[in-house]
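Here is a short briefing to read with the model open beside you. It goes topic by topic, so feel free to follow along on screen.

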Amino acid sequence: MLDKAGRQVQLKKKNITRRDLKEMSECDMEVMDAVWNEFGHLDQWEIRDYTQTHCAEWEDPGGSSLPITYEVILQAVGYSKKHAKEIAAVRREEEAIDMVLQRPA
């Protein structure tokens, strides 16, 4: 796979085992397997096209990029605008506390 600068990108280690992914829970692994089973056959352009067509949180960045806020993601999965704002505010407060305490988010 090539990155934006046209360089070849690949994993350093070719044979990844479950032990290499020790930070991931069984639930994380099940989600990864499900995503791979559904999308693993697509190349980067097919995935781009899919997200632009099927993901409500995608917005045209006009040739650049845009951050996707918590509010946008929460609304995309069905929360009301009001509830999404409330949840996002709590998450931002948690992130601020984590930064003060220097914990990973």
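Val100 sits in helix α4, which covers residues 81-100. This is a predicted model, and in it Val100 counts as exposed, because its relative accessibility of 68% is over the 50% cut-off. Val100 also belongs to a nonpolar surface patch, and that is a good place to begin.

**The nonpolar patch**
- Three residues make up this patch on the surface: Ile97, Val100 and Leu101.
- Together, Ile97, Val100 and Leu101 offer about 310 Å² of accessible area.

**Salt bridges in helix α4 and beyond**
- How many salt bridges does the structure hold? There are three.
- Arg91 and Glu94 are joined by one of them, with N and O 3.2 Å apart.
- Both Arg91 and Glu94 lie in helix α4, where a spacing of three residues is about one turn of the helix.
- Arg91 is partly exposed at a relative accessible area of 24%, and Glu94 is partly exposed at 38%.
- Arg92 makes a salt bridge with Glu71, and their closest N and O atoms are 3.0 Å apart.
- This second pair links distant parts of the chain: Glu71 is in helix α3 (residues 70-76) and Arg92 is in helix α4, 21 residues apart.
- Is Glu71 buried or exposed? Glu71 counts as buried, because its relative accessibility of 16% is under the 20% cut-off.
- Its partner Arg92, at 38% relative accessibility, counts as partly exposed.

**A salt bridge between Arg48 and Asp49**
- The side chains of Arg48 and Asp49 meet in a salt bridge with an N to O distance of 2.8 Å.
- Arg48 is partly exposed, with 36% relative accessibility, and Asp49 is partly exposed as well, with 37%.

**The aromatic pair**
- If you are looking for aromatic contacts, the structure holds one aromatic pair.
- Phe39 and Tyr50 form this pair, with ring centres 4.9 Å from each other.
- Why is the pair called edge-to-face? The angle between the planes is 65°, so it passes the cut-off of over 60 degrees.
- Phe39 belongs to helix α1 (residues 26-39) and Tyr50 to helix α2 (residues 44-54), so the pair links distant parts of the chain, eleven residues apart.
- Phe39 counts as partly exposed at 22% relative accessibility, and Tyr50 likewise counts as partly exposed at 29%.

Definitions and conventions:
Residues are numbered from 1 along each chain as its sequence is written. This is a predicted model: local features need pLDDT of at least 70, side-chain atom pairs count only at pLDDT 80 or more; totals for chains, interfaces and linings use all residues. Side-chain values use heavy atoms; hydrogens and water are left out. Rings of Phe, Tyr and Trp (its six-membered ring) pair if their centres lie within 6.5 Å; planes under 30 degrees apart count as stacked, over 60 as edge-to-face and the rest as tilted. Helices (H or I, at least four residues) and strands (E, at least two) are DSSP runs, numbered from the N terminus. Buried means under 20% relative accessible area, exposed over 50%, partly exposed in between (1.4 Å probe, protein chains only). Patches are made of residues with over 30% relative accessible area and no salt bridge: like charges are joined within 9 Å, nonpolar side chains (Val, Leu, Ile, Met, Phe, Trp, Tyr) within 5 Å. Accessible areas come from the Shrake-Rupley method with a 1.4 Å probe; for residues, only the protein chains shown count as cover. A salt bridge is a side-chain nitrogen of Lys or Arg within 4 Å of a carboxyl oxygen of Asp or Glu.
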